[in-house]
Amino acid sequence: MALAALSTAFSFLKVMMNMKQLVATGQAGDGREKALLDHVVKTAEKDNPLSVLNVMDAYAKASGWLMNIGDDKGPILDMALEKYNPRVVLELGTLCGYSAVRIASQLHKEGSKILSFEMSAENCNIARQIIEHAGLSSKVDVVEGKFNERIDVAKKFLEEMNSPYFDFVFLDHWKDRYMPDYLLLKENALVGNGSGICADNMGPIIGPADFRKYVKTHPEELETSEYKSHAEYLWWLPDSVTVSTFKLSTQ
Ligand SMILES: C[S@@+](CC[C@H](N)C(=O)[O-])C[C@H]1O[C@@H](n2cnc3c(N)ncnc32)[C@H](O)[C@@H]1O
């Protein structure tokens with residue numbers, strides 16, 4: 001057990017030491033994302049989202065640490081989904097599709113769907129295949145590109161979904177983009193009164209200091225609960241998830 005935790009920590013540190021590569025490409029640089037896909041296809045039960053998530057969690061602990069929201073913070077996301085019961089969801093940061101599978105498997109409304117942005121073409125390709133293996137392709141559109149450069153796609157998706165704005169947004173891309181992309185969501189009316197906004201990696205050690213401060217200092221705009229946990233697959237590194245309700249100013 002202690003040996004397994006040590007190996008996960010080592011795998012995490014390996015990624016951190018290659019941070020420049022991670023930030024530029026969205027990948028760890030040693031092929032672990034593609035190896036994950038092969039492992040999922042080989043070992044997870046087809047059309048079974050829970051089996052896919054379990055295999056992804058086990059892989060991230062034993063074979064190669066990954067930035068999935070993971071099995072400790074995942075239940076916070078589940079709780080938020082239960083609270084908002086969304087039909088139209090936006091995710092920023094798909095990676096290999098862990099959170100997209102987690103979210104999609106909990107969308108109960110007729111015709112509900114997620115639009116998920118991912119800047120890395122390789123990650124998009126992997127995520128689409130993992131989502132397909134989980135049997136959830138009809139519920140998830142993975143879009144390649146940076147969200148701020150592809151807002152037109154989000155607007156078109158809302159038109160197709162016949163929805164004025166997203167009911168629920170999951171922020172889990174690079175941390176320096178939380179604040180500017182939240183402002184874009186607001187400016188473009190992609191969130192509306194009552195939209196849920198769930199943000200991963202909200203500190204205290206890792207995370208977006210500016211967005212964290214904004215959330216804390218704007219309770220009239222973002223009614224927020226903070227849930228303390230620890231970073232994915234790393235019990236020794238504190239982390240938190242916030243769940244906010246967006247409130248449209250009536251003034
Ligand atoms: C923390 S991972 C996402 C984890 C995923 N949500 C999960 O829990 O399974 C962050 C991902 O965001 C992507 N990313 C970073 N900045 C982005 C941006 N501006 N637009 C779209 N994707 C971005 C990275 O390539 C990376 O794959």
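What follows is a dialogue on how the labels given to this predicted model are reached.

Student: What makes α3 roughly parallel to α7?

Tutor: Start with the angle. The axes of helix α3 (residues 32–43) and helix α7 (residues 121–133) come within 10 Å and cross at roughly 15 degrees. Angles under 35 degrees count as roughly parallel. That makes α3 roughly parallel to α7.

Student: Which residues of α3 and α7 make the contact?

Tutor: From α3 come Glu33, Lys34, Leu36, Leu37, Val40 and Val41. From α7 come Asn123, Ile126, Gln129, Ile130 and His133. By class, the contact of α3 with α7 has six nonpolar, three polar and two charged residues.

Student: Which hand is the crossing of α3 with α7?

Tutor: Left-handed: that is how α3 passes α7.

Student: Why is α3 called oblique to α4?

Tutor: The axes of α3 and helix α4 (residues 49–62) come within 10 Å, and they cross at roughly 135 degrees. Roughly perpendicular covers 65 to 115, and roughly antiparallel needs over 145. The angle of roughly 135 degrees fits neither class, so α3 is oblique to α4. The crossing of α3 past α4 is right-handed.

Student: What meets what between α3 and α4?

Tutor: On α3, the residues are Arg32, Ala35, Leu36, His39, Val40 and Thr43. On α4, they are Val52, Val55, Met56 and Tyr59. Seven residues of this contact of α3 with α4 are nonpolar, two are polar and one is charged. Leu36 and Val40 of α3 take part here, and Leu36 and Val40 also belong to the contact with α7.

Student: What is the relation of α9 to α10, and how do you know?

Tutor: Use the angle again. The axes of α9 and α10 cross at roughly 50 degrees and come within 7 Å. Roughly parallel needs an angle under 35 degrees, and roughly perpendicular runs from 65 to 115. Roughly 50 degrees lies in neither range, so α9 and α10 are oblique to each other. Tyr178, Met179, Tyr182 and Lys186 of α9 touch Asp210, Phe211 and Tyr214 of α10. The classes in the contact of α9 with α10 are five nonpolar, no polar and two charged.

Student: Which residues of α9 are buried?

Tutor: Tyr178, Met179, Asp181, Tyr182, Leu184 and Leu185. Buried means under 20% relative accessible area.

Student: How many disulfides does the structure hold, and how do you know?

Tutor: Zero. A disulfide is a covalent bond between the sulfur atoms of two cysteines. Here the sulfurs must lie within 2.5 Å to count. The sulfur of Cys96 has its closest cysteine sulfur in Cys124, 10 Å away, so that pair is too far for a bond. For Cys198, the closest cysteine sulfur is in Cys96, at 19 Å, again too far for a bond.

Student: Are Cys96 and Cys198 buried or exposed?

Tutor: Buried. The relative accessible area of Cys96 is 0%. Cys198 also has 0% relative accessibility. The cut-off is under 20%, so Cys96 and Cys198 count as buried.

Student: What makes the phi of Asn162 worth a look?

Tutor: Most residues other than glycine have a negative phi. Asn162 has a positive phi, near 55 degrees. Asn162 sits in the loop between α8 (151–160) and β4 (166–171). The relative accessible area of Asn162 is 70%, and exposed means over 50%, so Asn162 is exposed.

Student: Where is Ala189, and why is Ala189 called partly exposed?

Tutor: Ala189 lies in the loop between α9 (178–187) and β5. The phi of Ala189 is also positive, near 55 degrees. The relative accessible area of Ala189 is 44%. Partly exposed runs between 20% and 50%, so Ala189 is partly exposed.

Student: Which peptide bond is cis?

Tutor: Most peptide bonds are trans. The bond joining Gly203 and Pro204 is cis, with omega about 20 degrees. Pro204 is in the loop between β5 (191–199) and α10 (209–217).

Student: How does Arg150 count on accessibility, and what does Arg150 touch?

Tutor: Partly exposed, because the relative accessibility of Arg150 is 31%. Arg150 lies in the loop between β3 (140–144) and α8. Leaving out residues up to four places away in sequence, Arg150 touches Phe117, Val143, Glu144 and Gly145. From Arg150 to Ser137 is 21 Å, C-alpha to C-alpha, with the two 13 residues apart in sequence.

Key
Residues numbered from 1 in each chain as written. Predicted model: local features only at pLDDT ≥ 70, side-chain atom pairs only at ≥ 80, totals over all residues. Heavy atoms only, no water. Axes fitted to C-alpha atoms, helices over the stretch in contact; angles between N-to-C directions. Helix = DSSP H or I, 4+ residues; strand = E, 2+ residues; numbered from the N terminus. Left-handed = near helix turned anticlockwise from the far one by under 90°. Contact = heavy atoms within 4.5 Å. Nonpolar A, V, L, I, M, F, W, Y, C, P; charged D, E, K, R; others polar. Buried < 20%, exposed > 50% of the residue type's maximum accessible area, 1.4 Å probe, protein only.
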